[in-house]
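Subject: Structure handover

Hello,

Here is the structure I said I would pass on. Please open it alongside this message.

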Amino acid sequence: PAGDGQNLVTEDVTVVEGDVATISCRVKNSDDSVIQLLNPNRQTIYFRDFRPLKDSRFQLVNFSNSELRVSLTNVSISDEGRYFCQLYTDPPQEIYTTITVLVPPRNLVIDIEKETAVEGEEIELNCTAMASRPATTIRWFKGNKELTGKSEVERWSDMYTVTSQLLLKVGREDDGVPVICLVDHPAVKDLQTQRYLEVMYKPQVRVSQNYPLQGLTREGEPLELTCTAFGKPQPTDMRWLRVDDEMPQHVVVSGSNLLISNLNKTDNGTYRCEASNAVGKSHADYMLFVYDPPTTIPPPTTTTTTTTTIPTTIT
């Protein structure tokens with residue numbers, strides 16, 4: 001059949017901008033016909049092993065009567081298109097190969113609307129991948145959990161700029177966790193950028209009993225409680241109070257510690273430690289119930305031991 005390329009073989013070429021593209025025109029059954037390579041404007045790049053085109057980026061890699069292989073260095077977007085392999089048979093045969101040029105994103109930037117957020121707040125993050133082709137796919141991760149953003153693509157002549165928006169409701173467990181913006185693109189591997197979240201949260205308060213360590217809080221014995229609080233920012237203000245009642249006179253409060261040296265039934269009640277920071281106030285409660293003092297059992301007066309002897313008979 002006239003004009004088809006039944007005796008010619010080639011492959012499409014995909015190349016990253018700035019790299020080398022190699023075009024191969026091969027003849028299946030060679031009959032010593034002339035092989036020629038043309039550019040998208042149908043100008044001859046190579047005629048056999050001769051290059052009429054004044055572009056030294058094209059170089060001969062291999063030439064024989066069954067193959068013409070040409071490299072094109074420092075590929076740019078303007079090199080994209082169809083390149084024609086021709087075989088001067090009668091009638092001439094022709095097939096084309098397509099060069100596709102990939103451009104990795106120029107840079108990747110995460111922009112956080114607020115440097116510092118407060119727990120429970122929803123913040124907006126934007127990740128922008130500049131000037132790539134094809135358009136980039138942007139993926140989001142918080143730690144190692146994938147999240148879903150919303151992408152917008154802008155086209156500038158041959159390039160695409162993609163911005164992905166992520167709305168994130170933050171909690172205290174997110175403080176110090178990285179948010180990662182990762183690019184899926186055929187021209188790059190492992191392109192990502194990250195920002196660490198800073199989340200403020202109100203204090204977490206805990207009351208622990210230092211003394212008695214084990215055992216009951218009994219009348220006449222001491223009690224020592226410690227209050228610990230941490231938050232972001234670290235709480236500076238900590239105070240003890242008794243819920244629904246006055247603090248007994250004999251209670252000693254020193255910093256985060258509360259001490260009652262001699263427990264009394266009138267001390268029964270709920271003791272609260274309150275801590276606050278710029279975000280808010282939290283508390284923890286300790287319910288005190290004073291038990292009776294231990295009773296001593298008088299030692300028994302007499303002890304009776306009964307011994308039973310079983311006679312053994314020897315025959």
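What follows is an account of what was found in this predicted model.

Domains and annotation

The domain assignment splits the chain into three parts: domain 1 (8–102), domain 2 (107–190) and domain 3 (202–288). The UniProt record, an unreviewed entry, carries the annotation "domain: Ig-like" over residues 1–100, 105–198 and 203–277. Two of these annotated spans were looked at for secondary structure. Residues 105–198 come out as 66% strand and 0% helix, with 28 Å between the end C-alpha atoms. Residues 203–277 are 55% strand and 0% helix, and here the end C-alpha atoms are 7 Å apart.

Domain 1 against domain 2

The C-alpha centres of these two domains are separated by 41 Å. Five residues on the domain 1 side make contact with six on the domain 2 side. About 470 Å² is buried between domain 1 and domain 2, and carbon and sulfur atoms account for 68% of that area. Of the area that domain 1 buries against domain 2, 80% comes from V16, I77 and L102, more than from any other three residues.

The polar side of this interface is as follows. The rule finds one salt bridge across the interface of domain 1 and domain 2, and two residue pairs in polar contact, both at pLDDT 80 or more. Sorted by class, the domain 1 side that touches domain 2 has four nonpolar residues, one charged residue and no polar ones.

Salt bridges

In total the rule counts 20 salt bridges. Among them is the pair E94 and R42, whose side chains meet at 2.6 Å, N to O. This pair connects distant parts of the chain, its members being 52 residues apart. E94 belongs to strand β9 (residues 93–102), while R42 sits in the loop between β4 (35–38) and β5 (44–47). Another salt bridge joins the side chains of R133 and E80, with an N to O distance of 2.7 Å.

Backbone points to check

Which residue does R133 join through a cis peptide bond? The bond runs from R133 to P134, and omega is near -5°. P134 lies in the loop between β12 (122–132) and β13 (137–142). R133 is thus named twice here, in the cis bond to P134 and in the salt bridge with E80.

A cis peptide bond is also found between K232 and P233, with omega about -5°. P233 is placed in the loop between β20 (223–232) and β21 (237–242).

R48, a residue other than glycine, has a positive phi, near 55°. Its place is in the loop between β5 and β6 (58–63).

Regards

Notes. Residues numbered from 1 in each chain as written. Predicted model: local features only at pLDDT ≥ 70, side-chain atom pairs only at ≥ 80, totals over all residues. Heavy atoms only, no water. Domains from an automatic or database assignment. Contact = heavy atoms within 4.5 Å. Buried area = accessible area lost by both parts, 1.4 Å probe. Salt bridge = Lys/Arg side-chain N within 4 Å of Asp/Glu carboxyl O. Polar contact = N/O pair within 3.5 Å; in protein donor to acceptor, adjacent residues only side chain to side chain. Nonpolar A, V, L, I, M, F, W, Y, C, P; charged D, E, K, R; others polar. UniProt positions renumbered as here; feature names shortened; annotations may be inferred. Helix = DSSP H or I, 4+ residues; strand = E, 2+ residues; numbered from the N terminus.
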